[in-house]
Amino acid sequence: MASAFEYAPAPESRAIVDIAPSYGLFIDGEFADAADGKVFKTVSPATEEVLSEVAEAGEADVDRAVRAARKAFEKWSALPGSERAKYLFRIARIIQERSRELAVLETLDNGKPIRETRDADLPLVAAHFFYYAGWADKLDHAGYGADPRPLGVAGQVIPWNFPLLMLAWKIAPALATGNTVVLKPAETTPLSALFFADICRQAQLPKGVVNIVTGDGRAGAALIAHPDVNKVAFTGSTAVGKEIARTVAGTRKKLTLELGGKGANIVFDDAPVDQAVEGIVSGIFFNQGQVCCAGSRLLVQESIHDELLDSLKRRLSTLRLGDPLDKNTDIGAINSAEQLARITALADQGEAEGAERWSPACELPSSGYWFAPTLFTNVTQAHTIARDEIFGPVLSVLTFRTPDEAVAKANNTPYGLSAGIWTEKGSRILAVANKLRAGVIWSNTFNKFDPTSPFGGYKESGFGREGGRHGLEAYLDVY
Amino acid sequence: MSTESISGSAAGRLSVLKTYKLYVGGKFPRSESGRVYEVTDAKGKWLANAPLSSRKDARDAVVAARKAFGGWSGATAYNRGQILYRIAEMLEGRRDQYVAEVADAEGLSKSKAAAQVDAAIDRWVWYAGWTDKIAQVVGGGNPVAGPFFNLSSPEPTGVVAVLAPQESSFLGLVSVVAPVIATGNTAVVVASEKSPLPALSLGEVLATSDLPGGVVNILSGRTAEIAAPLAAHQDVNAIDLAGADEELAKELEIAAADNLKRVLRPQPVDGAGWSAAPGTDRMTAFLETKTVWHPTGALGASGSSY
Amino acid sequence: MPTTEPPFALKDATASDSTLRRFLHGLPGVDAVGLEARAASLGTRSIKTTAKAYALDLAISMVDLTTLEGADTPGKVRALGAKAVRPDPADRTAPATAAVCVYPDMVPTAKEAVAGSGVKVASVATAFPAGRASLAVKLADVREAVAAGADEVDMVIDRGAFLAGHYMKVYDEITAVREACGTSARLKVIFETGELSTYDNIRRASWLGMLAGADFIKTSTGKVAINATPANTLLMLEAVRDFRAQTGVQVGVKPAGGIRTAKDAIKFLVLVNETAGADWLDNHWFRFGASSLLNDLLMQRQKLATGRYSGPDYVTVD
């Protein structure tokens with residue numbers, strides 16, 4: 001008789017990463033305490049274990065970092081592009097060499113599965129530096145006129161969902177184009193940025209070119225408001241993005257924003273069903289759904305609703321939730337208690353508003369921040385869970401009858417970051433893709449990323465593009 | 001146009017004056033407010049009464065622009081190019097009228113005004129040619145590291161509020177409106193506050209150039225008054241602040257943050273002024289980039305190069 | 001034994017040539033990149049310690065130990081049978097394989113070699129591997145094997161007919177073979193997926209085979225360039241899963257050819273576990289058509305037991 005094939009624990013060794021008990025701010029090539037000596041703790045979301053104590057930057061520290069970046073700018077921007085390129089190539093190579101260490105670190109600090117940090121985050125981080133390294137001495141050919149100039153000091157604020165990847169998306173194009181940077185990582189995931197500082201040291205990057213200031217929203221606000229910052233780049237929530245847009249209003253600071261989303265994943269009745277199920281799962285459960293471009297709204301043609309939902313539920317039952325360091329874990333921990341509370345509240349609201357909630361049988365660890373993969377059926381456009389970004393492993397399932405209706409529902413949101421289309425009919429893909437108001441359209445696939453491929457949103461999902469030739473524009477003095 | 005020619009008294013005949021009206025949704029309404037303001041030439045002589053647009057006029061113009069967006073953005077680039085070129089043709093035929101209006105509005109000599117109008121007509125021709133080229137210049141395939149076809153294409157951002165430059169009443173106006181609509185956006189244009197007549201007259205040309213109603217909507221009045229509701233409007237996707245002074249621009253940029261409009265700040269106009277050759281910047285400022293992925297796979301099941 | 005009638009729920013599908021075509025062409029399409037990505041992703045599962053021990057023994061028990069050479073002799077087949085019955089002479093705890101797989105004329109020899117062990121004898125038939133013969137010849141081939149005591153028959157479909165769109169011809173041939181197998185032999189239907197070429201074809205062939213009464217659907221003969229792959233096996237596992245959901249009838253899957261290492265075999269077991277499910281984790285429902293795979297499974301088993309890496313001289317050469 002058949003017996004259960006239980007996978008024994010297969011933990012990745014955490015011995016590969018050596019986390020210091022405390023870290024300072026990385027300013028002008030040196031680690032230093034905050035001026036007022038403040039620190040905060042960063043924990044592993046999977047266990048709530050304190051990983052390290054990190055300096056909390058205040059206004060004075062941010063100012064010092066911006067001044068260091070300003071001082072470094074003159075020489076850095078005057079370097080031949082080919083020399084800047086070589087620094088970036090060095091960084092890319094060192095990231096590849098240290099990728100397992102960084103993957104484990106990221107998993108510890110963020111809570112996401114090692115399978116993702118190892119197979120998605122880290123390869124993309126290295127690839128991003130490789131890609132932009134090659135641009136540094138080819139800017140004349142990028143379509144922004146001859147000898148396009150950098151902006152100066154870039155103030156960059158990044159989120160906790162892909163800490164090192166978002167750092168790469170910010171720092172690689174900034175340095176390639178000759179800017180210097182002050183980057184503030186998210187409060188709950190500061191460690192990989194601090195390890196990146198060490199990579200800058202190994203690459204012998206001139207001091208002050210990259211500065212890392214850890215801290216909370218106040219440090220970010222100080223950085224963005226700093227009068228000597230020429231460029232502001234932010235990835236995070238739409239609410240904060242709007243606040244930033246107001247802050248830089250009336251200045252000459254160039255702004256790019258990568259904000260929230262409520263991506264529609266549209267499944268037509270002629271879809272390649274098994275691959276669509278995988279795409280739906282990847283769309284909303286990759287990184288515990290803490291992805292701005294998540295396919296958080298499933299729009300399924302009514303005629304296949306029941307069978308698709310059966311397949312989807314069966315598939316969700318195979319998801320493995322637990323220790324993020326286990327190589328077989330599919331669903332890791334939610335990044336913070338705060339985020340968990342938000343997800344919980346929105347899911348509860350979905351239930352209260354009458355949507356039908358379902359989760360596979362799934363045992364949650366007793367410590368750490370966890371949320372079972374969840375889907376809601378009987379959801380309409382009027383439900384909060386169909387409109388608000390949940391940023392968690394929660395899928396809202398809606399139906400449609402015709403392609404027109406699918407497009408209308410997909411576009412019926414203030415956001416416009418991503419969308420998915422599943423059909424075997426090529427002309428329908430092109431027609432629907434053409435009508436969707438979103439910056440990234442995945443047809444018969446989902447959540448694919450590449451440094452050559454521009455990424456960014458329409459409407460309230462922000463403006464500007466990261467990746468590809470388009471990604472250079474944000475850091476060049478052109479409009 | 002000189003005051004003499006308006007009154008026509010020299011010829012012993014009283015001429016027929018034009019009632020300047022707004023251009024909204026392809027029609028020529030008066031302001032909903034029922035109010036007008038006096039427009040004078042550079043020396044202060046009365047030229048006409050222009051409609052004093054209210055926030056409701058702005059609202060109506062946005063509705064018209066939104067309604068026109070689907071059709072205009074969905075038209076072929078070739079078709080948009082044909083229509084923009086048609087605008088140049090129509091202007092050419094009414095060149096003398098615009099020369100007179102610009103001369104009055106900006107206090108220019110006939111020849112200098114003519115140079116402005118000629119440059120404006122040529123600008124329509126320049127952008128007419130861009131409609132079916134910009135996608136090739138700023139879009140393209142991306143060589144992603146996987147079995148995927150990956151294409152980035154520019155798309156119009158939507159409804160764009162355009163504050164036309166205050167000084168250059170016609171060439172400046174055309175220089176900011178043409179790039180917005182060339183790529184498929186629709187526009188709500190606030191004419192130069194002090195010199196709105198060339199802008200209002202442009203509506204007459206647009207209406208006879210096969211340009212669908214609502215693609216360009218032209219309002220006259222107090223820039224700050226009209227711009228405020230446009231900047232705050234949740235169904236406007238972008239705003240060009242060319243005609244705003246520093247203080248107003250900041251205020252509008254703050255309001256525009258409410259729905260994260262794309263904001264084109266006032267750009268320094270160099271020595272050549274609006275006569276300088278435009279680049280692609282004014283088009284790309286109101287373009288989104290859409291990137292579409294699709295698996296390629298292999299021809300057979302022997303394994304794609306995944 | 002299943003009947004040769006197509007399962008009730010789908011009976012209409014085989015009513016005529018055109019209904020069969022409509023049914024097969026109405027199956028959902030397969031996106032190649034997505035399918036392969038899913039197979040690759042399951043291939044990254046890390047199977048360690050107790051799970052590995054379980055998987056190795058399970059894999060050994062699922063092997064159809066195969067020799068299908070022109071140079072096969074009674075001696076070779078006897079050696080194969082002995083190996084199937086007791087794969088690791090040094091370790092009696094190693095399970096026997098599921099079956100030995102031979103040409104029809106070797107069935108009597110194979111039966112003798114495995115007599116009393118519970119190891120089954122499978123025979124390829126129907127003008128294996130090309131399948132280019134008249135139906136009469138194919139059926140004679142099958143009857144001979146069954147008469148000689150074959151417990152299982154591995155038939156090849158007429159790929160030419162399939163690719164020409166003559167689905168009913170393929171269907172009729174399978175049902176005829178099914179009948180010739182009688183009540184004693186289980187039927188494995190080989191599609192030669194490498195020749196069907198597209199995943200859409202493999203999905204159609206899977207359903208065609210199941211409608212016609214296959215007990216197992218099998219990827220390949222091992223005689224062409226592309227044999228079993230994780231992707232085509234995953235696709236066939238989806239088919240048997242969906243077929244059971246629709247009809248209640250469970251059908252087995254046999255990837256054959258190209259699976260040579262324990263590591264690969266375990267990846268296939270992960271595919272089974274996470275696609276069709278635990279009900280298929282049994283040699284009644286899943287097989288590996290292989291020869292050299294067994295020794296690698298045994299070496300890995302020894303490594304797990306002793307902590308030392310084994311070597312080729314510590315397993316038997318057949």
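User: Happy to look at this one with you! How far apart do the end C-alpha atoms of residues 34-478 of chain A lie?
Analyst: Glad to help; keep in mind that this is a predicted model. The span is 41% helix and 15% strand. An unreviewed UniProt entry annotates these residues of chain A as "domain: Aldehyde dehydrogenase". The end C-alpha atoms of residues 34-478 lie apart by 36 Å.

User: And which residues of chain B does the UniProt annotation "domain: Aldehyde dehydrogenase" cover?
Analyst: In chain B the annotated span is 51% helix and 18% strand, and its end C-alpha atoms are 28 Å apart. The annotation again comes from an unreviewed UniProt entry, and in chain B it covers residues 32-263.

User: Which element gives the largest share of the side of chain B that touches chain A?
Analyst: Counting residues with C-beta atoms within 7 Å as in contact, 29 residues of chain B meet 36 residues of chain A. On the chain B side, β4 (148-156), α10 (246-256) and β10 (287-295) each supply at least two residues. The largest share is eight residues, and it comes from β10(B).

User: How many residues on that side of chain B are nonpolar, polar and charged?
Analyst: The side in question is the part of chain B that touches chain A, with 29 residues in contact. Its residues divide into seven charged, nine polar and 13 nonpolar.

User: Which residue of chain B does A:Ile441 stand opposite?
Analyst: Strand β17 of chain A, residues 440-443, pairs with β10(B). The pairing runs in the parallel sense over three bridges. Opposite A:Ile441, in β10(B), stands B:Val292.

Key: Residues numbered from 1 in each chain as written. Chains lettered and ligands numbered in written order. Predicted model: local features only at pLDDT ≥ 70, side-chain atom pairs only at ≥ 80, totals over all residues. Contact = placed C-beta atoms within 7 Å. Helix = DSSP H or I, 4+ residues; strand = E, 2+ residues; numbered from the N terminus. Nonpolar A, V, L, I, M, F, W, Y, C, P; charged D, E, K, R; others polar. Pairing = 2+ DSSP bridges. UniProt positions renumbered as here; feature names shortened; annotations may be inferred.
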